[in-house]
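Here are my notes from going through the model you sent over. I've kept them as numbered points so you can follow along in the viewer.

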Amino acid sequence: MSYSISAGGNHWVFPDLKTVMAKASPDRSGDRLAGVAAQTSQERVAAQMVLADLPLKTFLTEALIPYEKDEVTRLIIDKHDQNAFRPISSFTVGDFRNWLLSDLADTTQLKNISLGLTPEMVAAVSKIMRIQDLILVAKKCSNPTAFRNRIGLPQRLSTRLQPNHPTDDPTGVAASVLDGLLYGSGDAVIGINPATDNISSVITLMKLLDDIIQRYDIPTQSCVLTHVTTHLEAINRGAPVDLVFQSIAGTEKANKSFGIDLAVLKEAHSAALSLNRGSCGDNVMYFETGQGSALSADAHFGLDQQTCETRAYAVAREFSPLLVNTVVGFIGPEYLYNGKQIIRAGLEDHFCGKLLGLPMGCDICYTNHAEADQDDMDMLLTQLGAAGVNFIMGIPGSDDIMLNYQTTSFHDALYIRKILGLRPSPEFEHWLIKMGITTEQGLLLDGLPAAFSHLQARIGG
Amino acid sequence: MADSKLSSNGLSNKLSEGYLTENDWAGLKRYTDARIALGRAGTSIPTQAMLSFQMDHGNARDAVHLPLDIDKLCSELQEQAVTPILLKSRAQGRTEYLQRPDLGRRLSVASAATLTSIAETIEPSMQACITIVDGLSSFAIQSHAANFFKQISLRLKEEGITQMPPCLVEQGRVAVGDEIGDILNAQLMILLVGERPGLSSPDSLGVYFTYKPKLGFSDANRNCISNIRPAGMSYEAAADKLIWLIKQSLQLDYSGVELKDQSDSIESLEEPKLGNFLLD
């Protein structure tokens with residue numbers, strides 16, 4: 001079915017819904033690369049006007065990728081909750097934006113409608129929202145999760161301590177872990193990207209992180225970000241797996257290119273649950289996503305990259321994750337060209353994920369061939385802090401020496417906590433005080449804390 | 001040093017002391033190149049560490065954006081009695097190159113025509129074509145391409161492998177080697193490319209090897225040797241790996257993911273060490 005509108009002195013016709021969605025998307029290089037972007041600014045706004053008049057329920061009958069062809073579409077349609085949808089079922093996309101911004105849409109109401117929303121509805125409304133809209137509505141959503149501590153409670157901000165090392169050297173990893181802990185980082189997860197997927201070196205890292213967590217009795221969880229099938233193998237071999245990690249995307253074909261489907265995620269989810277390692281809750285999955293992944297696998301089916309990304313959140317939602325991390329600037333300038341595009345995408349992803357009920361965090365990052373720098377990351381960090389992001393990355397001095405990109409530092413997390421009055425996860429906050437790393441007020445203490453003084457001879461300058 | 005100078009600016013003692021906190025665990029730096037134990041100004045990154053980061057980012061940005069000095073590289077190659085074939089991709093300038101990787105993977109129409117006419121003059125028995133591509137770091141190519149070319153050229157000669165004249169591509173991506181190899185009917189494509197610069201590795205060179213390249217090949221058809229630079233893999237080690245891959249592919253009649261690099265399988269059997277200072 002085609003859509004048309006007279007606007008700006010022209011008559012615009014769009015052949016189908018996915019074209020309306022793509023043309024309505026704020027400008028980004030990935031949609032141009034895919035050949036789906038609006039050709040002019042007027043065409044973009046015309047598409048946004050069409051979208052604003054579209055009934056939300058259209059998305060329940062007009063699948064952007066056919067039901068028969070794609071298991072993610074089937075998941076979205078089959079799991080849609082009609083009861084939760086009823087209060088907003090008469091809305092157009094434009095009405096929905098107005099309602100979301102109104103004071104009627106409070107934390108409880110947003111939670112109640114969450115399962116009645118499909119990713120496409122959420123992506124659609126995000127396309128007619130400004131940055132401040134994305135922040136205001138996301139801030140009203142509350143999606144806390146728990147494993148060995150509680151993450152995402154109001155006025156809390158957690159960090160993933162990311163102690164990557166180019167050769168997975170255990171001592172090098174441990175050096176970054178200790179530095180991070182002493183800067184108050186690591187309450188979302190201590191999560192390492194291994195340099196190799198080799199099963200024995202992956203298990204070595206899993207044991208290392210688990211030993212550190214146990215030795216110092218840290219209320220947090222570990223994760224080695226390897227393929228889901230490698231996690232299954234590690235679990236079979238008795239390795240200490242807290243969280244199972246996987247990169248996910250919004251189409252069945254893109255997930256296939258990652259070597260996964262819903263069945264293998266389900267298997268891994270059950271396996272991780274069976275270990276029963278959480279003391280506070282049973283959210284055992286850690287997912288990463290990012291706009292552009294479907295296109296880079298030639299698996300986008302003519303959809304814009306932001307809609308594909310939001311569909312990945314339906315996959316995540318199925319497995320009650322502890323953490324969902326949109327790695328926004330990692331993919332490079334052919335998908336998000338500059339700071340402006342990266343900032344907008346990060347806030348869109350956070351908003352869409354939160355509205356769908358997910359514990360959203362963001363890897364606020366860029367590569368050296370993107371038109372972006374530390375100032376852009378400071379802007380996104382500050383805006384995501386205001387929007388109530390559950391967690392960000394923490395890495396020594398912003399420099400990932402293994403993955404060769406820049407993300408937020410331990411210091412960046414302290415900055416955002418300081419200016420917005422945010423605190424770490426409650427259990428972790430208590431541990432920081434107990435260990436003499438921070439004061440009761442959360443201020444860092446000088447010097448090496450007594451709990452680590454036995455290391456002095458080995459690590460002193 | 002800049003920080004200590006700031007304290008002598010006339011502020012009262014109370015205000016001018018304790019504004020910069022150093023970390024007592026700086027000894028950890030011997031275990032990793034990560035930017036640990038930076039200290040803090042309040043809770044923020046101290047001036048020196050901040051500027052040192054910005055310098056590294058500046059170098060990486062320049063590596064991406066400064067154009068390759070073609071004349072300089074050509075004269076260095078001419079010292080080796082080699083005259084490269086100069087080619088361009090379809091990307092018009094750096095901005096388009098960065099946003100349209102598809103254009104960097106193809107030769108411009110004019111370059112494809114030039115190469116096609118040159119191909120007719122090349123003896124059909126010639127096996128290898130070395131192609132130099134600016135990629136994402138002109139700095140890497142400027143620093144290493146001529147020297148590394150010399151090294152592998154010599155090694156190929158020792159192995160009795162014949163070489164066509166090398167190609168030099170501006171605004172190119174790795175897959176441009178498929179089109180070049182296809183036109184030249186090369187048996188072995190050895191492509192040197194400037195890799196995406198890291199903060200501490202703005203000059204990293206990559207080598208991609210493809211056996212009997214054809215237009216439309218994917219990354220699965222290639223083997224990659226990465227991180228060639230003084231602080232990474234040496235020219236010698238990279239050349240050893242490359243020759244190993246070439247010999248294997250000549251036997252197997254293919255390259256790519258099916259051709260597993262086992263040139264260093266002996267070292268990788270080493271048991272990983274588990275113990276470290278945090279757990280002792």
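1. Let's start with the interface, bearing in mind that this is a predicted model. On the chain A side, 48 residues are in contact with chain B, which brings 42 residues of its own. The elements of chain A that put in two or more residues are α2 (29-33), α11 (170-182), α12 (199-215), α20 (410-420) and α22 (456-459). If you only look at one of them, pick α11(A): with 10 residues, α11(A) gives the most to this side. As for chemistry, the side of chain A that touches chain B has 19 nonpolar, 19 polar and 10 charged residues.

2. Next, the sheet in chain A. It is an open sheet of 8 strands with parallel pairing, and the order reads β7-β6-β5-β12-β11-β10-β9-β8. At the edges sit β7 (222-224) and β8 (244-247) of chain A, each of which pairs on one side only. Going from one strand to the next, the twist averages 25 degrees.

3. It's worth zooming in on β12 (residues 391-394) of chain A, which pairs with β5 (residues 158-161) of chain A in the parallel sense over 4 bridges. To find the register on that side, look for A:S158, which stands opposite A:F391 in β12(A). β11 (residues 360-363) of chain A also runs parallel to β12(A), and 2 bridges join these strands. Here you can use two residue pairs as landmarks: A:G361 is opposite A:F391 in β12(A), and A:C362 is opposite A:I392 in β12(A). And how does the chain get from β11(A) to β12(A)? The path goes through helix α19 (residues 374-387) of chain A, making a β-α-β crossover that is right-handed.

4. Two backbone oddities caught my eye, one in each chain. In chain A, the residue is A:F301, whose phi is near 55 degrees, a positive value in a residue other than glycine. You'll find A:F301 in the loop between α16 (293-296) and α17 (305-317) of chain A. Is A:F301 buried or exposed? Neither, quite: A:F301 counts as partly exposed because 18 other C-beta atoms lie within 10 Å, and buried would take 20 or more.

5. The chain B case is B:Q171, again not a glycine and again with a positive phi, of about 55 degrees. B:Q171 belongs to the loop between β5 (167-170) and α9 (176-184) of chain B. This one does qualify as buried, because B:Q171 has 24 C-beta neighbours inside 10 Å. I'd have a look at both loops on screen.

6. Last one: B:A239, in helix α10 (residues 235-252) of chain B. B:A239 is buried, since 21 other C-beta atoms are within 10 Å. Which residues does B:A239 touch, leaving aside its neighbours within four places in sequence? The contacts are B:Q151, B:I152 and B:R155. For a sense of scale, take B:S52, which is 187 residues away from B:A239 along the chain: the C-alpha atoms of the two are separated by 33 Å.

Technical notes. Residues are numbered from 1 along each chain as its sequence is written. Chains are lettered from A and ligands numbered from 1 in the order in which they are written. This is a predicted model: local features need pLDDT of at least 70, side-chain atom pairs count only at pLDDT 80 or more; totals for chains, interfaces and linings use all residues. A residue is buried if 20 or more other C-beta atoms lie within 10 Å of its own, exposed if 12 or fewer, and partly exposed in between; C-beta atoms are placed from the backbone. Two residues are in contact if their C-beta atoms, placed from the backbone, lie within 7 Å. Ala, Val, Leu, Ile, Met, Phe, Trp, Tyr, Cys and Pro count as nonpolar, Asp, Glu, Lys and Arg as charged, and the others, Gly among them, as polar. Two strands pair if DSSP finds at least two bridges between them. A crossover is right-handed if, with the strands pointing away from the viewer, the path from the first strand over the helix to the second runs clockwise. Axes are lines fitted to C-alpha atoms, for helices over the stretch in contact, and angles run from 0 to 180 degrees between N-to-C directions.
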